[in-house]
Amino acid sequence: MLILIAGPYRSDTGDDPQKMAENLKRLEAPSHALFKAGHVPMIGEWVALPVWNAAGGKAVGDALYEEIFHPVAHRLLVLCEGVLRLPGESKGADNDVRIARERGIPVWHRLEDVPGCAASA
């Protein structure tokens, strides 16, 4: 399955690039276990960051950032077959979960609950 990993990226960082990089590492942490279980992990920022940079993005939270970041996740949710929601406050991740549930896409809150991941968690 293509599984969107959702959780805090920008939340509670004050837009500090180091803190955002640390949050991205936390988002990436379960990606290998998902891959080993036969899934394709996906994180919205993996798509949004290069698109934003290519479009000339300058400052986190600018109009271009808002135009790209959340819509990327929404477009990915058309393709994803599941969402792994990691802990932490995040309006964007909460919105991803809402959209997934509206579309009947399974949402897991623990890696070991994702099909095939119990043994690799």
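**Figure 1. Buried and exposed residues of helix H5 in the predicted model.** In this predicted model, the buried residues of H5 are Gly92, Ala93, Asp96, Val97, Ile99 and Ala100. Viewed down the helix axis, the buried residues of H5 fall within an arc of 165°, so they line one face of the helix. That buried set packs against S1, H4, S3 and strand S4 (107-108). Lys91, Arg101 and Glu102 are exposed, on the face of H5 turned away from its buried side. The 12 residues of H5 should span 16 Å at 1.5 Å a residue, and the end C-alpha atoms are 16 Å apart, which agrees. Just after H5, glycine 104 takes a positive phi of about 75°.

**Figure 2. Serine 90, in the loop between strand S3 and helix H5.** The loop that holds serine 90 runs between S3 (82-85) and H5 (91-102). Serine 90 has a relative accessibility of 7% and therefore counts as buried. A polar atom of the serine 90 side chain lies 3.0 Å from the backbone nitrogen of alanine 93; alanine 93 is itself one of the buried residues of H5. Not counting residues up to four places away in sequence, serine 90 touches Gly7, Pro8, Ser11 and Arg85.

**Figure 3. Helix H1 and the elements its buried residues pack against.** Helix H1 covers residues 17-28. At 1.5 Å a residue its 12 residues should span 16 Å, and the end C-alpha atoms are 16 Å apart, in agreement. Met20, Asn23, Leu24 and Leu27 are buried in H1. Seen down the axis, the buried residues of H1 fall within an arc of 105°, so they line one face of the helix. They pack against strand S1 (2-6), helix H3 (44-54) and helix H4 (63-79). Gln18 and Lys25 are exposed on the other side of H1. The N-terminal end of H1 is capped by aspartate 16, with a side-chain oxygen 2.7 Å from the backbone nitrogen of glutamine 18.

**Figure 4. The aromatic cluster of Tyr9, Trp52, Tyr65 and Phe69.** The count of aromatic pairs in the model comes to 4. Tryptophan 52 and tyrosine 65 form an edge-to-face pair, 5.6 Å centre to centre with 90° between the planes. Tryptophan 52 lies in helix H3 and tyrosine 65 in helix H4, so the pair ties together parts that are 13 residues apart in sequence. Tryptophan 52 and tyrosine 65 are buried. Tyrosine 65 also forms an aromatic pair with phenylalanine 69, which is stacked: 3.8 Å centre to centre, with 15° between the planes. Both residues of this stacked pair lie in helix H4, 4 residues apart, about one turn of the helix. Phenylalanine 69 is buried, as is tyrosine 65.

**Figure 5. Leucine 34 in helix H2 and its contacts.** Leucine 34 is placed in H2 (residues 31-36). Its relative accessibility is 0%, so leucine 34 counts as buried. Leaving aside neighbours within four places in sequence, leucine 34 is in contact with Ile3, Ile5, His39, Pro41, Leu84, Leu111, Val114 and Cys117. The C-alpha atoms of leucine 34 and valine 60 are 29 Å apart in space, and these two residues are 26 residues apart in sequence.

**Figure 6. Cysteine 80 and cysteine 117, with no disulfide between them.** The structure holds 0 disulfides. A disulfide is a covalent bond between the sulfur atoms of two cysteines. For cysteine 80, the closest cysteine sulfur is that of cysteine 117, at 14 Å, too far for a bond; the cut-off for a disulfide is a pair of sulfur atoms within 2.5 Å. For the sulfur of cysteine 117, the closest cysteine sulfur is likewise in cysteine 80, 14 Å away. Cysteine 80 counts as buried at 5% relative accessibility. Cysteine 117 is buried, with a relative accessible area of 0%, and is among the residues in contact with leucine 34.

Note on methods: Residues numbered from 1 in each chain as written. Predicted model: local features only at pLDDT ≥ 70, side-chain atom pairs only at ≥ 80, totals over all residues. Heavy atoms only, no water. Buried < 20%, exposed > 50% of the residue type's maximum accessible area, 1.4 Å probe, protein only. Helix = DSSP H or I, 4+ residues; strand = E, 2+ residues; numbered from the N terminus. Expected span 1.5 Å × (residues − 1). Arc of directions from axis to C-beta. Contact = heavy atoms within 4.5 Å. Polar contact = N/O pair within 3.5 Å; in protein donor to acceptor, adjacent residues only side chain to side chain. Phe/Tyr/Trp six-rings, centres within 6.5 Å; stacked < 30°, edge-to-face > 60°.
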